[in-house]
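Visitor: I am new to this structure. Please pick one part and take me through it closely, strand by strand.

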Amino acid sequence: MSVPLLKIGAVLSTMAMVTNWMSQTLPSLVGLNGTTVSRGGTSERIVSALYPSPEEGWQIYSSAQDADGKCICTVVAPAQNMCNRDPRSRQLRQLMEKVQNITQSMELLDLRTNRDLQYVRNTESLMKAVDVKLKTASDNPRSLNPKSLQELKDKVTQLLPLLPVLEQYKTDARQISRVREEVRNLSLVLMAIQEEMGAYDYEELRHRVLLLETRLHSCMQKLGCGKLTGVSNPITIRASGSRFGSWMTDTMIPSSDNRVWSMDGYFKGRRVLEYRTLNDFMKGQNFVQHQLPHPWAGTGHVVYNSSLYYNKYQSNIIIKYHFRSRSVLVQRSLSGAGYNNTFPYSWGGSSDIDLMADENGLWAVYTTIPNAGNIVISRLEPQSLEVLQTWDTGFPKRSAGESFMICSTLYVTNSHLAGAKIYFAYYTNSSSYEYTDIPFHNQYSHISMMDYNPRERVLYTWNNGHQVLYNVTLFQVIKTAGD
């Protein structure tokens, strides 16, 4: 019995990393971007979510399907602390802080009151003795001889320290009045929140969202590779460094690892900065420095499975540098590949060899003299850097602004300057090509690095000294067994 194939056009538009952290440092980046497209008589909502750090991160799950294989929904749900962006949740947090402050104030008042009350109790007998003597002197003034008068004066002197205690009591009384007013305000706000929340059971809601998140994540596993159909508006992360450079995250490590690497300049550089998170990269803090044993050429570097792959300066040698051991694990010549501005992209910058990674492995994009300067794609074995397979695209590399791989397809831009668009695609799976027309906004008018990260499904670019991200939209074709 044959298994029916269900085909759906599911548009996936995601950006899974813009880390931990932008809700306060970069509020303009936090939110939802929505576009409605029509396909086959139905409308689909393309939603993308930009999120900061794991503590306040947003996850997006898209393109769920019904029994007929149709895309029926797009759901955005926070991976942790699901209600932490609810205004009522913010109010509750503020109330908790106020309650904590009130609790601390009450503890301080209680401590002072117990201390002062003990002092008053210790002087109680002294006050009674003074009171008796004063009554005696009042009833019989002649009985107050010089000795008795001096004793009375001494006892009154002993009572003088009570005056600051009484003043403290007055201060505490005012503090208690303020606390009482604060408690009254808290009660009013709590009542308002209770009315607004109604009968919502947030524990039940949280359980339901977790269940939905699990189901949608399962659906996401089916959404592997797809064809590029759109690029979002640019998201500027930082402006740093010189006009040329590269920055990236690892394309293979778990999503919990948010390290960012930055390499300024396009030739003779040796210094690689490793930032703990994207938020740290934005602020220029919490980084370690790696000093490479050999300088690099170009900006076509890639971090793949905790190692940096880069082109050695003035050679066609590819180096694999391991960050943890701070050592070169392997280096190999890319046979026949041009170098030292023999076959660069249109912007130059020793960009002869461009290393990149996608869902299907590690790639080198370059050209050779026998290929007449046309772009060559080679798939590399990550451990040995051996060339596994090679394709000649027939596209002149000097006419390309930049290029990147998505799902074993090479996409090429027509320029590195303003007005650039993605207008050529070469499919290694079928050894075929087509001309495309996918516009994107080249905001700073000079891109010297453009690479896709399959883990986050975003494009990293270095644009005239600015580090910029682009969200991508992929057209999905999913084949599943019938229900």
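Guide: Here is a close look at one sheet, with a short tour of its surroundings.

Note at the outset that this is a predicted model. The protein chain has 483 residues, and 46% of them count as buried. Its secondary structure comes to seven helices and 26 strands. The accessible surface is about 24,400 Å². Carbon and sulfur atoms account for 52% of that surface. Take the contacts between residues at least 6 apart in sequence: 58% of them join residues at least 24 apart.

Now the sheet itself. Four strands make up an open sheet in the order 20-21-22-23, and the pairing is antiparallel. Strand 20 covers 403-406 and strand 23 covers 432-439. Both stand at the edges with a single partner strand each, so one side of each is left without a neighbour in the sheet. On average, neighbouring strands of this sheet are turned by 25° against each other, direction ignored.

Start at the edge with strand 20. Four bridges join strand 20 to strand 21, and the two run antiparallel. M405 stands opposite L410 in strand 21. Strand 20 and strand 21 form a hairpin, with two residues between them. C407 sits in that turn, and its phi is positive, about 55°.

Move on to strand 21, residues 409-413. Is it enclosed or open to the outside? Five of its five residues are buried, so strand 21 is largely enclosed by the rest of the structure. The side chains alternate in direction. T409, Y411 and T413 point one way. L410 and V412 point the other way. All of these are buried.

Next comes strand 22, residues 421-427. Strand 21 and strand 22 run antiparallel and are joined by five bridges. Y411 has A425 in strand 22 as its bridge partner. On to the following pair: strand 22 and strand 23 are antiparallel too, over six bridges. Here Y426 finds its bridge partner in Y433 of strand 23.

Side chains add further links. D437 and K421 meet in a salt bridge, at 3.2 Å from N to O. D437 lies in strand 23 and K421 in strand 22, 16 residues apart. D437 is exposed, with a relative accessible area of 55%. K421 is partly exposed, at 28%.

Strand 23 also reaches beyond the sheet. The side chain of E434 forms a salt bridge with that of K227, at 3.0 Å from N to O. E434 belongs to strand 23 and K227 to strand 6 (residues 227-231), so the pair ties together parts that are 207 residues apart in sequence. Both ends count as partly exposed: E434 has 27% relative accessibility, and K227 has 39%.

How many salt bridges are there by this count? The answer is six. Another of them joins R455 and E456, with the closest N and O atoms 3.0 Å apart. E456 counts as buried, at 1% relative accessibility. Elsewhere, D257, R259 and E274 form one network through salt bridges that share partners.

For comparison, turn to another open sheet of four strands. Its order is 12-13-14-15, again with antiparallel pairing. Strand 12 (302-304) and strand 15 (327-333) stand at the edges. Each has a single partner strand, so one side of each is left without a neighbour in the sheet. Neighbouring strands here are turned by 25° against each other on average, direction ignored. Strand 13 (residues 307-311) and strand 14 (residues 317-322) run antiparallel and are joined by five bridges. Y309 stands opposite K320 in strand 14.

One last stop is on the surface. L160, L163 and L166 make a nonpolar patch of about 280 Å². L160 sits in the loop between helix 4 (146-159) and helix 5 (162-197). L160 counts as partly exposed, at 46% relative accessibility.

Back to the chosen sheet for a final glance. Strand 21 is largely enclosed, with five of its five residues buried. Strand 20 and strand 23 hold the edges. Strand 23 carries E434, whose partner K227 lies in strand 6.

Conventions: Residues numbered from 1 in each chain as written. Predicted model: local features only at pLDDT ≥ 70, side-chain atom pairs only at ≥ 80, totals over all residues. Heavy atoms only, no water. Pairing = 2+ DSSP bridges. Axes fitted to C-alpha atoms, helices over the stretch in contact; angles between N-to-C directions. Salt bridge = Lys/Arg side-chain N within 4 Å of Asp/Glu carboxyl O. Buried < 20%, exposed > 50% of the residue type's maximum accessible area, 1.4 Å probe, protein only. Patch = residues over 30% accessible without salt bridge, like charges linked within 9 Å, V, L, I, M, F, W, Y side chains within 5 Å. Areas by Shrake-Rupley, 256 points an atom, 1.4 Å probe, with all protein chains shown as cover. Contact = heavy atoms within 4.5 Å.
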